Amino acid sequence: MNEMSPLKSTSPRAVAANNFAYMPGFGNDFETESLPGALPHGMNSPQRPAYGLYAEQLSGSPFTAPRGTNERSWLYRIRPSVKHHQRFQSFKLPAWKSAPNAADQELSLAQMRWNPLPMPIGETNFIEGIRTMTTAGDVFGQAGMAAHAYVANADMVDDHFFNADGELLVVPQVGGLRFMTEMGVMEVQPGEICVLPRGLVFKVELMDGSSRGYVCENYGAKFTMPDRGPIGANCLANPRDFKTPVAWFEEKETPCRIIVKWCGSFHVTEIGHSPLDVVAWHGNYAPYKYDLSTFSPVGAILFDHPDPSIFTVLTAPSGEEGTANIDFVIFPPRWLVAENTFRPPWYHRNIMSEFMGLIHGQYDAKEEGFVPGGMSLHNMMLAHGPDATGFEKASRADLKPVKLENTMAFMFETRFPQLLTRYAASLDTLQDNYIDCWTDLKKRFNGTPEGDWS
Ligand SMILES: O=C(O)Cc1cc(O)ccc1O
Ligand SMILES: [Fe+2]
């Protein structure tokens, strides 16, 4: 039983909304109840669950998935979800696109970079504020992803949402977000991320007013922790730093809506009560959050610049070993100590497609132009690397140990090409001079082994 403070909400029986607790661990089999005795023991489906609750299974994998990837939770709720999912009508969220986005895509064969999206002027909640930048793969085939940015200035009050098309990895950049979900409440600040499983009902409140950030919508197999190989049993992201909320419910008997994303289109249904009515649950299919500052980077401690896969927080497998549907990678503060080494990222061309964002500070491959809240896209096989100023600086730097501080960039990297939405291609914040950052890279070859460093 969770230790919770006295009840304070629309219902005398709901759990206080300002004292949220979390359970540590990644993919654990959790159990949690917000009323004593609400969770059945030793079985899932008693003839009459305590408190008159309904038992409901939420499956995140096929019933017969192997043990390591088999995910489901049992929810004990005031009304079964079938009472929430009735008479759907079409709903419009025109800025949220899905792959394949044939009618709306733009040629994306360019290195691209954007300044941050402006905050919205009209009232905009989290789901209304989602603007798709790129789509990749195919939502119907359950492969690929979409990279979205969001801007929001309003709470979801009576509106709730679930996404049947994939899980959502949310990366706040400005403003904390409070995710009130069926399975509990998560408060997520910039510098933290959270994952909302496919099908989970939630709404979002803004903790600090106007908010901005990024969302990766994963159409494929769920994010999991990468294997560490020879690194061993510790470092990178550690399982105990992932936090899943304890059960929380409200008993709100006033009109609410549920908006659903399903195969790329949106639908709405009206119900007479809150769908956030799960009093207790157990299982391993659940939302979680993670504080990026708890990532323990492991890197080169003598020479050279390793591949960025060393900074993978979460990976969504594609079925082909070593070829991720999506890798979620961060570039956290760290010591740079490599000797006789060009320390920033090397110039490269990559079969994977890289969408990047900056949560705060400065990114070491770009001296200017990549600002917090900004985005960049380096698509499949398109060359990129440090800008000319960064190259110059790093090539001449005194290679003493240096701490890279005040920085937190991230990458959504996918095996699929990322196709731009028309929205992304026509944004005012698209930098039309991005490729000029490489113009001043000089020819230094002059036939001598030293090259021309004048
Ligand atoms: O392109 C980028 O900035 C991301 C990146 C960083 C790095 O250290 C190595 C490869 C890579 O794609
Ligand atoms: Fe790259």
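Two residues are in contact if their C-beta atoms, placed from the backbone, lie within 7 Å. Keep that cut-off in mind for this tour of a predicted model.

**Stop 1: the two annotated residues.** Select Y363 and H384, which UniProt lists under "binding site" in an unreviewed entry. They span 22 residues in sequence, but no two of their C-alpha atoms are more than 14.1 Å apart, so they gather at one spot.

**Stop 2: Y363.** Now select Y363 alone, in the loop between β25 (353–361) and β26 (375–378). Is Y363 buried or exposed? A residue is buried if 20 or more other C-beta atoms lie within 10 Å of its own. Y363 has 25 such neighbours, so Y363 counts as buried. Next, add F331, L358, F370, T407 and A409, with which Y363 is in contact once neighbours within four places in sequence are left aside.

**Stop 3: H384.** Move on to H384, in the loop between β26 and α1 (388–396). H384 counts as buried because 23 C-beta neighbours lie inside 10 Å. Which residues does H384 touch, not counting those up to four places away in sequence? Select Q111, H348 and H378 to see them.

**Stop 4: ligand 1.** Show ligand 1 and select the residues that surround the ligand: P308, P345, H348, N350, E354, A365, H378, H384 and M411. H384 from the previous stop is among them, and so are H348 and H378, both touched by H384. Colour this shell by class to find four nonpolar, four polar and one charged residues.

Conventions
Residues numbered from 1 in each chain as written. Chains lettered and ligands numbered in written order. Predicted model: local features only at pLDDT ≥ 70, side-chain atom pairs only at ≥ 80, totals over all residues. UniProt positions renumbered as here; feature names shortened; annotations may be inferred. Helix = DSSP H or I, 4+ residues; strand = E, 2+ residues; numbered from the N terminus. Buried ≥ 20, exposed ≤ 12 C-beta atoms within 10 Å, placed from the backbone. Near = placed C-beta within 6 Å. Nonpolar A, V, L, I, M, F, W, Y, C, P; charged D, E, K, R; others polar.
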